[in-house]
Each structure stands twice: as structure tokens, then as C-alpha cells.
Amino acid sequence: MVTVPTRSDIIAMDGEEQLQISWRIEDETPEVMAASVRDLATNMSSNSQVFIGLEASQLREVKSMLLSELAFNRLNIHATGYWKKGMDADRFNSDKKRNPL
């Protein structure tokens, strides 16, 4: 699942035909992100490789759900908070260095 700010941010990805990619638009689904991930992840092996790029607060919630509720292998979860609501990129990157997601 990939979350982007707007529909115009959706891009073609190399190897897309071998991947299960689900695009989510930030403004359309912020309150249902964890539920969307849960729906996808419930049908996946807990040893699946998971790549997550989300807004920082959503990332914490989703990653915690994958680990504690669905028992995914921590080593197979590759998660990055790309932005944080209300924070510019410089401040977010500085904050992320002090308090990793």
C-alpha cells in the first residue's frame, strides 16, 4: 500500500507486475488507513516483505498493528515516515533523527 497526498502523485513503478501495490490518497482515507492495511495484511503470510511509506503518525499506528496484532516479522517490515502533518521537510527530518519512527 502506498499513500500519496493527491492522485497526481501516483507513479508507475518498476516491477509493478510482480508486486501487490495498493495506492491510497491521503486526503481521501486518513481515518481508515490502519483498517485498509489490516484488510490487505490479514490475507498475507506474516513472513511477507512489507514496505510502508506513510505520514508519520499513520506509520506508527500501522506498524504497531502489523507487529502486535498480526504478528508480522519485524525484520520483514521496511517502514519510512515520509512526511508529518503540520511540519516542513527540514523540521520533520531533524525531528525524525532525534525520535526515530
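Helices in this tour are DSSP runs of at least four residues, numbered from the N terminus. Helix H3, the setting of Asp95, covers residues 89–98. The structure on display is a predicted model.

**The whole chain**

Begin with the entire chain in a cartoon view. It contains 3 helices and 4 strands, and a walk along the sequence passes through them in the pattern β-β-α-β-α-β-α. The radius of gyration is 14 Å, close to the 13 Å given by the globule rule for 101 residues, so the chain is as compact as a globular protein of that length. If the viewer can draw principal axes, the C-alpha trace spans about 35 × 30 × 25 Å along them.

Next, display the surface. The chain exposes about 6,500 Å², of which carbon and sulfur atoms supply 50%. Buried residues account for 33% of the 101 residues. Colouring by charge brings up 12 positive and 15 negative charges, whose mean positions lie 9 Å apart. As for contacts between residues at least 6 apart in sequence, 53% join residues at least 24 apart.

**The nonpolar core**

Hide the surface and select Ile52, Val62 and Leu66. Within the largest nonpolar core, which has 13 residues, these three touch the most other members. Helix H1 (33–42), strand S3 (50–55) and helix H2 (56–69) each contribute at least two residues to this core.

Now centre on Ile52 and show its surroundings. Which residues does Ile52 touch, not counting residues up to four places away in sequence? They are Leu59, Val62, Leu66, Ile77, His78, Ala79 and Thr80. Strand S4 covers residues 77–83.

**The loop between H1 and S3**

Move to Ser46, which is found in the loop between H1 and S3. Ser46 is partly exposed, at a relative accessible area of 28%. Beyond its neighbours within four places in sequence, Ser46 is in contact with Leu70, Ala71, Phe72 and Asn73. For a distance check, pick the C-alpha atoms of Ser46 and Arg74: they are 9.6 Å apart in space, with the two positions 28 residues apart in sequence numbering.

Select Asn47 next, which lies in that loop between H1 and S3 as well. Is Asn47 buried or exposed? Asn47 is exposed, because its relative accessible area is 52% and the cut-off for exposed is over 50%. Asn47 touches Asn73 and Asn76, with residues up to four places away in sequence not counted. A C-alpha to C-alpha line from Asn47 to Met65 comes to 15 Å, for a pair 18 residues apart in sequence.

**The loop between H2 and S4**

From Ser46, follow the contact to Ala71. Ala71 sits in the loop between H2 and strand S4. Look at the backbone here: Ala71 has a positive phi of about 55°, although it is not a glycine. Most residues other than glycine have a negative phi.

**From helix H2 to helix H3**

Select Lys63 in helix H2. Lys63 is partly exposed, with a relative accessible area of 23%. Draw a line from the C-alpha of Lys63 to that of Asp95: the two atoms are separated by 19 Å, and the residues are 32 apart along the chain.

The tour closes at Asp95, in helix H3. Why does Asp95 count as buried? Its relative accessibility is 16%, and buried means under 20%. Show the surroundings of Asp95 as sticks: leaving aside neighbours within four places in sequence, Asp95 is in contact with Lys84 and Met87.

Technical notes. Residues numbered from 1 in each chain as written. Predicted model: local features only at pLDDT ≥ 70, side-chain atom pairs only at ≥ 80, totals over all residues. Heavy atoms only, no water. Rg over C-alpha atoms; globule rule 2.2 N^0.38 Å. Buried < 20%, exposed > 50% of the residue type's maximum accessible area, 1.4 Å probe, protein only. Contact = heavy atoms within 4.5 Å. Areas by Shrake-Rupley, 256 points an atom, 1.4 Å probe, with all protein chains shown as cover. Lys, Arg positive; Asp, Glu negative; His and termini not counted. Charge placed at Lys NZ, Arg CZ, Asp CG, Glu CD. Core = buried A, V, L, I, M, F, W, Y, C linked by side-chain atoms within 4.5 Å.
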